[in-house]
Amino acid sequence: MSKSDKHKTKLDSEKKSINKKSYTNINNIENKLLEIFKILPLLLIVGILPFVIRLKLIPLQGPFYEFWNGEKINADFFTYYKQIFIYLITAWTLLHTFLFTKKIKFTKAYYFMGLYAIVVILSTVFSEYPQIALNGFVERKEGMWVILCYLILMFSAINLVEEKMQIKAIIYTLGISGTLISIISIFQYYGMDLFSTEFAKNFMISKEIQAQIKEFNIKFGDKYSYGVFYNPNYLGGYISFYAPLMLSFAIISKGIKEKIIFAVFFILSIFALYGSRSEAGVVGTLIAIGILAIVLVSRHIIKGKPKETHKRLLLFRIVPIFLAIIILPLSLSYLPIEQNPITRIKTQAIELFKPSDLKGKDYKEIGPINDIKQIDEQTIELKLYNTITRLNVDKNMNLKIFDKDNNILLNTKVIPEEKMEQQISNITDYFCYLKIKDLGNGNYGIHYYYNNDKWEKLDFLVYNGEIRFTTPSFKIVDIEKDLYAKHIGFEGKGNIGSGRGYIWSRSIPLVLDHLIIGSGQDTFITEFPQYDIYGRQAEGMPQYYWNILTDKPHNTYLQIGIHSGLLSLIIVLAGLLILLYKSFKNVIFDDEYLDFNIISFGILGFMISSIFNDSIIAITPIVYILLGINVVGLIKTKNKKVDS
């Protein structure tokens with residue numbers, strides 16, 4: 001063979017080698033893109049869902065009006081379109097699951113998921129309010145369909161997420177999304193609220209609605225951070241899983257650039273948490289990070305790392321954790337006492353163990369409402385500030401108010417004028433006036449304002465010559481049953497946790513009333529004793545609070561127990577605790593699937609904050625996806641042990 005032929009052969013060989021490498025590289029890129037495309041719907045939930053914010057004017061009818069605040073149209077910014085988004089993305093995710101999954105993974109997690117789904121469905125079927133249980137209540141939208149979507153998203157995550165590269169895509173998407181939320185939150189804290197801008201107004205409100213509403217002022221708060229969740233506590237709940245996750249990946253990532261990126265994500269989230277001043281977020285974040293430190297130290301000790309790795313471990317793993325634990329409370333300590341979550345947690349923890357000053361007391365004696373009685377169909381007797389008045393309506397729709405000696409204080413016709421006011425000034429102990437609303441069909445609502453300083457309010461319905469005590473939306477209240485509610489615990493400590501003590505004490509009996517199946521998803525508002533007036537005043541709550549609807553228990557576990565029953569709560573807690581135990585053990589003993597298993601620390605943070613927060617449609621689907629990824633870690637670790 002001549003030199004030229006040899007040279008040509010060599011060139012051909014090199015060319016083939018280059019082509020082969022190029023083909024391999026292209027093939028690798030295509031495979032990676034395919035893996036990302038498989039989980040694209042999950043990425044949209046993780047990255048986009050919190051930002052789905054747009055105004056929808058929703059007419060309220062049936063139980064949605066009956067149990068709401070008297071408004072016939074609800075201006076919903078934060079839940080209506082999120083619900084639609086979840087439905088669409090869940091359907092897309094399910095399609096991907098069956099298109100790209102050759103074999104469905106088996107895991108015992110399905111038992112817990114399936115049992116929970118069955119109890120949720122049964123609770124809906126037997127619910128007194130199936131419309132609410134199916135679709136969710138006003139400004140919440142966590143009905144049965146949404147809960148089943150959460151479980152489908154978890155199922156899809158278990159079967160679609162296979163590679164570490166997919167985990168990185170999900171965590172980076174979450175990191176970027178959370179960073180945007182953190183930046184928005186930081187600006188909010190300093191008075192620069194994105195939602196107050198013309199850009200936000202045009203983004204959140206359609207031109208058609210803007211044309212209907214001539215003046216619209218979007219203002220969500222002052223000197224508080226709430227990100228995109230409209231409530232600082234929900235921002236705290238988001239940070240409670242986001243911050244531990246970002247810190248975890250900052251620690252376990254091998255490249256220095258990745259460590260820096262995740263560290264920046266983490267630090268920004270801590271500033272957002274600082275602005276939210278959320279005790280739930282602080283407690284969840286601190287406990288999750290603290291246990292992360294314990295687990296990683298245990299991992300180091302048990303695995304018996306050589307001495308030369310001590311410095312590296314100290315520098316890149318333990319030091320960042322302890323800095324996080326120290327910096328967070330220190331940064332919060334500079335807030336004023338009344339705003340500082342750390343100080344409030346300490347104060348209220350001490351308050352919790354003090355003896356109650358309500359034991360043996362008659363709640364009616366505490367006042368200002370000492371008694372409400374239905375004397376007959378035409379007469380209601382009120383005892384306010386120990387002063388008795390009687391409201392009487394006759395067949396001709398004349399309204400009279402008498403004092404305790406049957407002297408007439410007011411005699412007026414019930415007239416259909418929205419803003420008709422009659423002031424009664426000859427009652428010595430307090431002033432009062434009426435506002436009468438025409439409700440149609442011969443029904444009239446009376447707002448009865450009393451106490452000249454605060455203008456506290458009671459509500460009544462007048463119809464067919466009869467009068468009844470009602471809610472602000474004029475739903476009749478059973479005076480004998482509703483004005484004093486069963487309660488367990490927190491007596492005299494109702495104000496703990498910004499009123500959570502009171503809500504929890506009245507919610508625990510509701511869980512015990514629903515042992516097997518619950519009242520139906522999102523029906524808490526129909527179950528809670530909204531007019532436990534004597535209990536609320538005994539706990540020192542201002543009267544305006546008595547007319548505020550309690551539509552959530554401020555505790556995800558009580559929420560589950562009431563909506564789908566105590567049995568479902570046991571199923572959920574058992575599944576989560578088993579998951580955490582196995583994941584922590586895998587973090588200590590396993591290196592290969594650390595990316596999957598370390599997600600458990602974000603889940604732990606969320607579980608802790610959920611003691612003080614409710615499940616919401618903007619956050620919970622993300623956590624279910626993380627749960628699915630965490631389950632994949634357990635499956636992979638178990639399979640590796642079987643193969644070895």
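Two residues are taken to be in contact when heavy atoms of theirs lie within 4.5 Å. In the predicted model described here, T79 meets this criterion, beyond its neighbours within four places in sequence, with E139, R140, K141 and I617. T79 is located in the loop that links β2 to α4 (80–100). Its relative accessible area is 4%, and T79 is therefore classed as buried, the limit for that class being under 20%.

The chain as a whole contains 26 helices and twelve strands. Of its 644 residues, 54% count as buried. The exposed area of the chain amounts to about 30300 Å², of which 61% is supplied by carbon and sulfur atoms. When contacts between residues at least 6 apart in sequence are considered, 68% of them join residues at least 24 apart.

Strand β2, which precedes the loop of T79, spans residues 73–76. The two faces of β2 are unlike in their cover: N74 and D76 belong to the covered face, whereas I73 and A75 belong to the uncovered one. β2 runs antiparallel to strand β1 (residues 56–59), to which four bridges join it. Within this pair, N74 of β2 is the bridge partner of I58.

An open sheet is built from five strands in the order β3-β4-β5-β6-β7, and the pairing is antiparallel. The edge positions are held by β3 (369–376) and β7 (408–413); each has a single partner strand, so one side of each lacks a neighbour in the sheet. From one strand to the next, the twist averages 15°. In general, the strands of a sheet pair through backbone hydrogen bonds, in either a parallel or an antiparallel manner. The antiparallel pairing of β3 with strand β4 (residues 379–384) extends over six bridges.

D376 is a residue of strand β3 and stands opposite T379 in β4. With a relative accessible area of 35%, D376 is partly exposed. D376 and E466 are 90 residues apart along the chain, and their C-alpha atoms are separated by 8.8 Å.

A nonpolar patch on the surface is formed by L115, I118, I121, L122, V125 and F126, which together present about 560 Å² of accessible area. Of the residues in this patch, F126 was examined individually. F126 is situated in the loop between α5 (109–125) and α6 (130–135). The relative accessible area of F126 is 60%, so that F126 counts as exposed, a class that begins over 50%.

Backbone geometry was considered next. Most residues other than glycine have a negative phi. R277, a residue other than glycine, has a positive phi near 55°. The residue occupies the loop between α12 (256–276) and α13 (279–303). R277 counts as buried, at 4% relative accessibility. N441 likewise has a positive phi near 55° and is a residue other than glycine. The loop that contains N441 lies between β9 (432–440) and β10 (443–450). N441 is exposed, with a relative accessible area of 80%. Positive phi values are thus found in the buried R277 and in the exposed N441.

How values were computed:
Residues numbered from 1 in each chain as written. Predicted model: local features only at pLDDT ≥ 70, side-chain atom pairs only at ≥ 80, totals over all residues. Heavy atoms only, no water. Pairing = 2+ DSSP bridges. Axes fitted to C-alpha atoms, helices over the stretch in contact; angles between N-to-C directions. Patch = residues over 30% accessible without salt bridge, like charges linked within 9 Å, V, L, I, M, F, W, Y side chains within 5 Å. Areas by Shrake-Rupley, 256 points an atom, 1.4 Å probe, with all protein chains shown as cover. Salt bridge = Lys/Arg side-chain N within 4 Å of Asp/Glu carboxyl O. Buried < 20%, exposed > 50% of the residue type's maximum accessible area, 1.4 Å probe, protein only.
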